[in-house]
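Here is a short briefing on one chain. It covers burial, fold, dimensions, charge and cysteines.

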Amino acid sequence: MKLSEFCINLERLIKKHPEVLRMDVITSSDDEGNDFNRVFYSSSMGYFNNENNDFMEIGEFEENPEPGYKLVVCLN
C-alpha cells in the first residue's frame, strides 16, 4: 500500500467517525489478526529489504543503500 492510499483511507475513517481521533492505535501482525500491538513510536523513513525483512533507518544509509533495499515509510 502506498502512503497516499493509507492517508485517504484514514481520512475517510476520521470523517465518518471523528471520535477515532481520541482512540489508541494498534497494529496487527498479519491479515488474520493473530497478534495485535499498541503503536508507541512515530512514523519514520528508512530502507527496507523485502527478501530478509530488514529495516535500516535513514541515518544508516545516506544514499545508495545496499542492493535490495527500497526507501519506505515505517508506520511504527
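**Burial and surface**

Of the chain's 76 residues, 8% count as buried. The model is predicted. The exposed surface comes to about 6800 Å², with 52% of it supplied by carbon and sulfur atoms.

**Fold**

- The chain holds one helix and five strands.
- Read from the N terminus, the order of elements is α-β-β-β-β-β.
- Take the contacts with a separation of 6 or more: 30% of them join residues 24 or more positions apart.

**Dimensions**

- The radius of gyration is 15 Å, while a compact globule of 76 residues would have one near 11 Å.
- Along the principal axes, the C-alpha atoms fill a box of roughly 45 × 25 × 20 Å.

**Charge**

- Side chains with a negative charge number 15, and those with a positive charge number 7.
- The centres of these two sets lie 16 Å apart.

**Cysteines**

- The disulfide count is zero.
- Cys7 is in no disulfide, and its nearest cysteine sulfur, in Cys74, is 15 Å away.
- Why is there no bond for Cys74? The closest cysteine sulfur, in Cys7, is 15 Å from the sulfur of Cys74, which is too far for a bond. A disulfide needs the two sulfur atoms within 2.5 Å.
- Cys7 is partly exposed, at a relative accessible area of 34%.
- Cys74 is also partly exposed, with a relative accessible area of 22%. The cut-off for buried is under 20%.

How values were computed
Residues numbered from 1 in each chain as written. Predicted model: local features only at pLDDT ≥ 70, side-chain atom pairs only at ≥ 80, totals over all residues. Heavy atoms only, no water. Helix = DSSP H or I, 4+ residues; strand = E, 2+ residues; numbered from the N terminus. Rg over C-alpha atoms; globule rule 2.2 N^0.38 Å. Buried < 20%, exposed > 50% of the residue type's maximum accessible area, 1.4 Å probe, protein only. Contact = heavy atoms within 4.5 Å. Areas by Shrake-Rupley, 256 points an atom, 1.4 Å probe, with all protein chains shown as cover. Lys, Arg positive; Asp, Glu negative; His and termini not counted. Charge placed at Lys NZ, Arg CZ, Asp CG, Glu CD.
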